[in-house]
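This report concerns aromatic rings and nonpolar residues in a protein model. Please examine the sequence and the structure before reading on.

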Amino acid sequence: MTSDPAIGTDAGWFCGLLQAGDSFYPTGAYAHSYGLEGLVQENVVTDRATLCSYYEQSVLPSLARLELPLVAQAWHALAEPDWAEVAEVSRLASVLKTTREVRLASHNIGRQRAELLARLRPESLATALVARAASDGFPFAATVSAALEGRVHGAPLAAVLGGVFYATLSGQLAAAMKLLRIGQNAAQSLLTEMLAHAGPTVEAAVVLRREEIGWFNPWLDIASARHETANARLFIS
């Protein structure tokens, strides 16, 4: 198995990324709010204004300092591929998830994405990654699987990072619409406002060195940990 793209044209990789980012794609991501439900239960996020603050103080910094840099590191490691590097990035992605359920969510979503891609394109790099994770014992990670999808489809790094940026924002909004009184128009206006940060966030993530990767917010982590043992909840995490 090599990292040669399964789809060699611009239209091909573009459609491949659209498929991977579609809510119709069965990854299990829809079952997670990544701490948002915990903040709603704590009455920290209650409306559009506080949801906007949540994006600015939690979602965007996490993308810039943690998620997107890990995707970029994995995308480079998968080029040859360098499996020792892939394993190191996967382990780093796991340990930087500070609450148990969010860490498990990243592993499960990453495994689902990699195994599904291996079934859809059995001659691709995806099959090799699934086998390596089993033989070498490193965890799956949603960020590494996003980079894997980019490599298999032959997408450039900026497009892969832009896809992760959009999917993260839209996924959080989909969860917010189930948790808050916020309509589709308000959600789309907030999404448009946040998408203006895409360029600077991607540019910052690409140049971040591995030893600089990391971000946490105790406010979010405590709410996420409390949510894990809540008596009633809509999302897993």
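The sections below treat the aromatic pairs, a charge over a ring, and the nonpolar core of this predicted model.

## Aromatic pairs

A pair of aromatic rings is described by the distance of the centres and the angle of the planes. Searching the whole structure yields two aromatic pairs. One of them joins Trp-13 and Phe-14 in an edge-to-face arrangement, with 6.4 Å from centre to centre and 75 degrees between the planes. Trp-13 has a relative accessible area of 15% and is therefore buried, since buried means under 20%. Phe-14, at 47% relative accessibility, counts as partly exposed, because that class lies between the buried limit and the exposed limit of 50%.

Tyr-54 and Tyr-55 are also paired edge-to-face, their centres 6.1 Å apart and their planes at 70 degrees. Both Tyr-54 and Tyr-55 are buried.

## A charge over a ring

Trp-75 has Arg-151 over its face. The distance from Arg-151 to the ring centre of Trp-75 is 3.6 Å.

## The nonpolar core

In soluble globular proteins, nonpolar side chains tend to be buried together. The largest nonpolar core in this model comprises 69 residues. Among the residues with the most contacts inside this core are Tyr-54 and Tyr-55, together with Leu-36, Leu-51, Leu-129, Leu-148 and Leu-169. Helix α3, which spans residues 48–77, gives the most to this core, contributing 15 residues.

What does Leu-129 touch, not counting residues up to four places away in sequence? With those left out, Leu-129 is in contact with Leu-78, Trp-83, Val-86, Ala-114, Phe-138, Phe-140, Val-144 and Leu-148.

Note on methods: Residues numbered from 1 in each chain as written. Predicted model: local features only at pLDDT ≥ 70, side-chain atom pairs only at ≥ 80, totals over all residues. Heavy atoms only, no water. Phe/Tyr/Trp six-rings, centres within 6.5 Å; stacked < 30°, edge-to-face > 60°. Buried < 20%, exposed > 50% of the residue type's maximum accessible area, 1.4 Å probe, protein only. Lys NZ or Arg CZ within 6 Å of the ring centre and 35° of its normal. Core = buried A, V, L, I, M, F, W, Y, C linked by side-chain atoms within 4.5 Å. Helix = DSSP H or I, 4+ residues; strand = E, 2+ residues; numbered from the N terminus. Contact = heavy atoms within 4.5 Å.
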